[in-house]
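Biologist: Could you take me slowly through one part of this model, namely its cysteines, and set them against the chain as a whole?

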Amino acid sequence: MTNCTLCKDELKPDEGELIWRGDDCRVIMVNDPDLPGFCRVIWNRHVPEMSDLTYGEREHIMSLVFAVEEVIREVMEPDKVNLAALGNMVPHIHWHVIPRYQDDDYFPGSPWSAKVRESSKSALESRRALAKKLPAIIRDAISQMY
């Protein structure tokens with residue numbers, strides 16, 4: 001698919017940071033100033049639905065999603081982690097792994113809903129500092145898997 005934003009390999013600096021890349025999947029940290037630590041696990045080939053993958057491929061991507069979630073929980077200490085694979089706007093398999101806090105801009109709604117408050121600057125700064133630790137720890141966790 002030529003116009004799929006997730007098929008392209010390169011990230012623009014304002015889109016996020018590549019944390020890890022394997023033959024089938026990659027993990028990026030999304031540049032979202034309101035949700036520090038927001039990561040995506042993306043299937044490299046253009047595949048629209050999880051059921052299009054083999055059972056082994058499904059296991060592989062979900063193992064990565066769970067590894068990212070575990071690291072986010074350990075490092076970011078969120079109140080909740082949202083896992084989402086909507087694909088309505090971008091029909092390319094990708095999982096959102098999002099640390100959530102009761103005082104974040106959207107809680108208890110989804111990160112795609114309207115803001116219900118403004119997070120405090122100190123809370124955001126603290127979470128951004130924690131999020132800077134994620135890439136190295138996620139890479140280490142994935143390296144221990146394979």
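Modeller: This is a predicted model, and a good place to begin is the surface: the accessible surface of the protein chain comes to about 8,300 Å², and 51% of that area belongs to carbon and sulfur atoms. Of the 146 residues, 45% count as buried. The chain has three helices and five strands, which run β-β-β-α-β-β-α-α from the N terminus on. Its radius of gyration is 15 Å, close to the 15 Å that the globule rule gives for 146 residues, so the chain is as compact as a globular protein of that length.

Now to the cysteines, where a search of the whole structure finds zero disulfides. A disulfide is counted here when two cysteine sulfur atoms lie within 2.5 Å, and with that cut-off in mind two residues can be followed one after the other. For Cys7, the closest cysteine sulfur is the one in Cys4, at 3.7 Å, which is too far for a bond. With a relative accessibility of 26%, Cys7 counts as partly exposed. For Cys39, the closest cysteine sulfur belongs to Cys25 and lies 14 Å away, again too far for a bond. Cys39 has 0% relative accessibility and therefore counts as buried.

To return to the whole chain, among contacts between residues at least 6 apart in sequence, 50% join residues at least 24 apart. As for charge, there are 18 positive and 24 negative side chains, and the centres of these two sets lie 3 Å apart.

Notes. Residues numbered from 1 in each chain as written. Predicted model: local features only at pLDDT ≥ 70, side-chain atom pairs only at ≥ 80, totals over all residues. Heavy atoms only, no water. Helix = DSSP H or I, 4+ residues; strand = E, 2+ residues; numbered from the N terminus. Rg over C-alpha atoms; globule rule 2.2 N^0.38 Å. Buried < 20%, exposed > 50% of the residue type's maximum accessible area, 1.4 Å probe, protein only. Contact = heavy atoms within 4.5 Å. Areas by Shrake-Rupley, 256 points an atom, 1.4 Å probe, with all protein chains shown as cover. Lys, Arg positive; Asp, Glu negative; His and termini not counted. Charge placed at Lys NZ, Arg CZ, Asp CG, Glu CD.
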